[in-house]
Amino acid sequence: MCRSIKTLRPPVLPEEATEEEIRAAALQYVRKVSGFRAPAAHNREVFEHAVEAIAVATADLLGGLEVRGGVRAPAATPATPGGA
């Protein structure tokens with residue numbers, strides 16, 4: 001399902017996902033589930049509400065995940081002894 005939605009967590013994504021990336025994934029999900037690329041005017045409000053709710057849930061999920069054993073982000077890598 002939703003093959004165009006990419007993984008938004010480290011180490012797959014080297015940095016934290018942006019709000020734009022999270023919203024794009026939510027939009028792709030709602031499009032897939034609803035079967036509409038763009039909703040008709042009478043469905044626009046519920047469509048947009050679903051996108052926003054899923055974006056919030058996605059941000060909550062990503063913010064709460066604890067990834068263990070993955071590659072660390074460059075900022076978290078300790079400096080080498082005696083190095084630059």
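**Helix packing and the nonpolar core around Val30**

Leaving aside neighbours within four places in sequence, Val30 is in contact (heavy atoms within 4.5 Å) with Gly35, Phe47, Ala50, Val51 and Ile54. The model is a predicted one, in which local features need pLDDT of at least 70 and side-chain atom pairs count only at pLDDT 80 or more, whereas totals for chains, interfaces and linings use all residues. Residues are numbered from 1 along each chain as its sequence is written, and side-chain values use heavy atoms, with hydrogens and water left out.

The chain has 2 helices and 0 strands (DSSP runs, H or I of at least four residues for helices and E of at least two for strands, numbered from the N terminus). Val30 belongs to the largest nonpolar core, a group of 11 residues that also includes Leu8, Leu13, Phe47 and Val51; such a core is a set of buried Ala, Val, Leu, Ile, Met, Phe, Trp, Tyr and Cys residues joined through side-chain atoms within 4.5 Å. At least two residues of this core come from each of helix 1 (19-34) and helix 2 (44-64), and helix 1 gives the most, with 5 residues.

Of the 84 residues in the chain, 17% are buried, that is, under 20% relative accessible area (exposed being over 50% and partly exposed in between; 1.4 Å probe, protein chains only). Among contacts with a separation of 6 or more, 61% join residues 24 or more positions apart.

The mean pLDDT (the predictor's confidence in each residue, from 0 to 100) is 82, and 77% of the residues reach 70 or more. Over residues 74-78 the pLDDT is below 50, and this stretch has 1 contact in the model beyond near neighbours in sequence. Where pLDDT is low, the predicted coordinates should not be read in detail.
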